[in-house]
Amino acid sequence: EGVRVLCTANVPDADWAARAYVERYHTSDVWSIEGIRLAARDGASPRAWLGEEVVPEEAYRRSEFYCDFGRRVGVRHIIGAPAALGGGAFAMLGLHRPADAMPFRPADAEAVTAALPHLRRALML
C-alpha cells in the first residue's frame with residue numbers, strides 16, 4: 001500500500017515533513033533503503049542499526065536525502081530498525097537526533113533491538 005508515516009514528532013514543521021517524506025523523500029532515504037535490504041537478506045536476524053553501520057557518515061551527509069530533507073528537519077543521527085511484516089511489507093522505525101545532539105551509542109541500538117519483536121508484533125496486529 002505504499003509508504004505511510006505513522007508518527008513524526010519533535011521535528012520542525014512535522015506536517016510538512018511527513019507529507020514530503022511520503023510524496024518524495026522516501027525514494028532517496030538511504031538509511032531505510034539499505035536497512036530494509038539488509039533486513040531482507042536470508043539469515044539476517046532482526047535488529048536495530050546505528051546509521052553509520054548502514055551508510056557511512058560522509059556518504060549520508062552527501063546524499064540527496066540529507067541535503068534536501070534531513071538537514072531541514074534535523075535528521076542527522078539515527079537508530080533504524082526495519083521489521084518484516086510479511087508479504088514483502090516492512091515497517092521502518094527511525095529514531096533521530098539533530099546534528100548538534102550526541103550521536104546514538106551501540107547500547108541505544110541494543111535497547112531498540114530488545115523492543116523490536118514487540119513493536120513488530122504490534123504493527124502486525
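How many residues does helix 6 have, and how far does it reach from its first C-alpha to its last? In this predicted model, helix 6 covers residues 106–124, which makes 19 residues, and spans 27 Å between its end C-alpha atoms. That reach is close to the 27 Å expected at 1.5 Å a residue. Helix 6 nevertheless has a bend of about 45 degrees, located at A115. A proline, P117, follows the bend within four residues.

One part of helix 6 faces other elements. Its residues D108, A109, V112 and L116 are buried. The buried residues of helix 6 pack against strand 1 (49–50), strand 2 (77–86) and strand 3 (89–97). Helix 6 lies across these three strands and runs at about 30 degrees to strand 2.

The strands themselves come next. Three strands form an open sheet, in the order 1-2-3, with antiparallel pairing. Strand 1 and strand 3 are the edge strands, each pairing on one side only. In general, the strands of a sheet pair through backbone hydrogen bonds, and the pairing can be parallel or antiparallel.

Strand 1 is joined to strand 2 by two bridges, in the antiparallel sense. L50 has I79 of strand 2 as its bridge partner. Strand 2 and strand 3 are also antiparallel, and nine bridges connect them. G86 has its bridge partner in strand 3, namely A89. These two strands form a hairpin with two residues between them. In the turn, G87 has a positive phi of about 65 degrees.

Is strand 2 largely enclosed or largely open? Seven of its 10 residues are buried, so strand 2 is largely enclosed by the rest of the structure.

A second helix also lies across the sheet. Helix 2, residues 30–40, lies across strand 1, strand 2 and strand 3 and runs at about 130 degrees to strand 3. Helix 2 also contributes W31 to an aromatic pair.

Across the whole structure, a search finds nine aromatic pairs. In one of them, the ring centres of W31 and Y60 are 3.9 Å apart and the ring planes are at 15 degrees, so this pair is stacked. The cut-off for stacking is an angle under 30 degrees between the planes. The pair links distant parts of the chain: W31 is in helix 2 and Y60 is in helix 4 (residues 57–62), 29 residues apart.

Are W31 and Y60 buried or exposed? W31 counts as buried because its relative accessibility is 7%. Y60 also counts as buried, at 0% relative accessibility. The cut-off for buried is under 20%. Both residues belong to one aromatic cluster, formed by W16, Y21, Y25, W31, Y60, F65, Y66 and F69.

The last stop is the loop between strand 3 and helix 6, where D100 lies. D100 has a relative accessible area of 74% and is therefore exposed, the cut-off being over 50%. The C-alpha atom of D100 is separated by 34 Å from that of L85, and the two residues are 15 residues apart along the chain. Beyond this loop the chain enters helix 6, whose 19 residues opened this account.

Notes:
Residues numbered from 1 in each chain as written. Predicted model: local features only at pLDDT ≥ 70, side-chain atom pairs only at ≥ 80, totals over all residues. Heavy atoms only, no water. Expected span 1.5 Å × (residues − 1). Bend = angle between axes of the 7 residues up to and from the residue. Buried < 20%, exposed > 50% of the residue type's maximum accessible area, 1.4 Å probe, protein only. Contact = heavy atoms within 4.5 Å. Pairing = 2+ DSSP bridges. Axes fitted to C-alpha atoms, helices over the stretch in contact; angles between N-to-C directions. Phe/Tyr/Trp six-rings, centres within 6.5 Å; stacked < 30°, edge-to-face > 60°.
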